[in-house]
Amino acid sequence: MNRLKRILSLCLCLVFIGNALAQSDNTFTNPLLPGGPDPWNIFKDGFYYYMHTGGDKIELWKTKNLADLKTAERKVIYRPPAGTMHSKNLWAPEIHYLKGKWYVYYAADGGSNKDHRMYVLENASQDPMQGEFVFKGKIADPSDKWAIDGTVFEYKRKMYFAWSGWDSDENREQWIYIAQMKNPWTIKGDRVLLAKPEYVWERNGVEPGAKDQSKAKVVVTEGPQALKNKDGKLFLVYSASGCWTGKYALGLLTFSGKGKILDASQWSKKSTPVFSTSVENNVFAPGHNSFFKSPDGKEDWILYHATDKADEGCSGKRSPRIQKFTWNADGTPNFGVPQKAGVPMARPSGN
């Protein structure tokens, strides 16, 4: 009898340990990496492909679940040739699968911010961790003004390019523009202005280190990202205010679904931010996001960067984080409040 009790006791212990391990395996904590500004991801053929701002290079991560990013396969896929106009300050790379090939869009300059423009790489391999990313060239509308944070999306079988740019040749304001694409590396026609900083929450930003602060006012709208709800309604989620202010936050543009996407009058802007700093949770300046579905396709998630302190600004301390979001009754996204770092959360479902 005593032997039977010992066996039963051991079995119960094993069950308890198994449950504990299962519970541990089903949670994760933010941040996903110690640092990683401007995070982006895409899901294809059972894998997530992730990248973020790397400065002098472009790196790619491959994983079955973004919660496992720290242990994901990782590879430098491109280093630009020295001395070119796209060899320095590589920002906000995005990888997309279009027309049967992989394309990476990134902003870069030759050493001076005023020369920032968008560039494209192409890889014909079906696995972007293999093959070679070949420099395809600059992607720009006829005005060829300062441009960063380019993204591509498809709507009703047409491709569009959205980005953040200057209205002139001076660093005064960053506005959100959009244009149709002829192919994955060519813009078709002129750019169309969709949004500029109008509301108080969008206009926080004095250029750091400027000698004359009264003349250094820089207001920002940047990082546009397309998002569709289950009914196909189209949104552009963007970041606003200077990242150096600690008041960086996300805003929402909504397409009416009528008329043409390139008709700015068919877009409306929400007057308040949809995702912003949580002092209570010690999460500051959340922004420059992308979106993804859980591996089983049942959950909607947002990927974004944020800092643990208000004064960490545009530094490398911006770290990638993820959390699940829901939808409001009117079909708009509800991102909730940025969740505190280090607190266990359920992993994206299905893997």
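Two strands are taken as paired if DSSP finds at least two bridges between them, and strands themselves are DSSP runs (E, at least two residues), numbered from the N terminus. The structure is a predicted model, in which local features need pLDDT of at least 70, side-chain atom pairs count only at pLDDT 80 or more, and totals for chains, interfaces and linings use all residues. Residues are numbered from 1 along each chain as its sequence is written, and side-chain values use heavy atoms, with hydrogens and water left out.

With these terms in hand, a good place to begin is the hairpin formed by β3 and β4, which has 6 residues between its strands. In its turn, G55 has a positive phi of about 85°. Strand β3 (residues 47-51) pairs with β4 in the antiparallel sense over 3 bridges, and Y50 stands opposite W61 in β4. Strand β4 also runs antiparallel to β5 (residues 73-78), to which 5 bridges join it; here K62 has E73 of β5 as its bridge partner.

Strand β4 (residues 58-63) is mostly covered, with 6 of its 6 residues buried; buried means under 20% relative accessible area, exposed over 50%, and partly exposed in between (1.4 Å probe, protein chains only). In a regular strand the side chains alternate between the two faces of the sheet. Both faces of β4 are covered, since I58, L60 and K62 are buried on one side and E59, W61 and T63 are buried on the other.

Further along the chain, an open sheet of 4 strands has the order β18-β19-β20-β21, and its pairing is antiparallel. The edges of this sheet are β18 (284-293) and β21 (333-334); each has a single partner strand, so one side of each is left without a neighbour in the sheet. Strand β18 is joined to the antiparallel β19 (residues 300-307) by 6 bridges, and K293 stands opposite D300 in β19.

Turning to charged side chains, the structure holds 21 salt bridges, each defined as a side-chain nitrogen of Lys or Arg within 4 Å of a carboxyl oxygen of Asp or Glu. Among them is the contact of K114 with D115 (3.3 Å, N to O). Another joins R172 and D167 (2.9 Å, N to O); R172 is partly exposed at a relative accessible area of 39%, and D167 is partly exposed at 25%. In the salt bridge of E312 with K317, the closest N and O atoms are 4.0 Å apart. Here E312 counts as buried at 13% relative accessibility, whereas K317 is exposed, with a relative accessible area of 52%. Salt bridges that share partners also join D56, K57 and R79 into one network.

Two loops complete the picture. The loop between β16 (249-255) and β17 (267-269) holds K260, which is exposed, with a relative accessible area of 65%. Together with K158, K182 and K188, K260 belongs to a patch of positive charge on the surface; such patches are made of residues with over 30% relative accessible area and no salt bridge, like charges being joined within 9 Å. The loop between β14 (219-228) and β15 (234-240) is the place of D231, and D231 counts as exposed at 62% relative accessibility. The C-alpha atoms of D231 and G331 are separated by 8.2 Å, while the two residues lie 100 residues apart along the chain.

Technical notes:
Patches are made of residues with over 30% relative accessible area and no salt bridge: like charges are joined within 9 Å, nonpolar side chains (Val, Leu, Ile, Met, Phe, Trp, Tyr) within 5 Å. Accessible areas come from the Shrake-Rupley method with a 1.4 Å probe; for residues, only the protein chains shown count as cover. Lys and Arg count as positive and Asp and Glu as negative; His and the chain ends are not counted. The place of a charge is taken as NZ of Lys, CZ of Arg, CG of Asp or CD of Glu.
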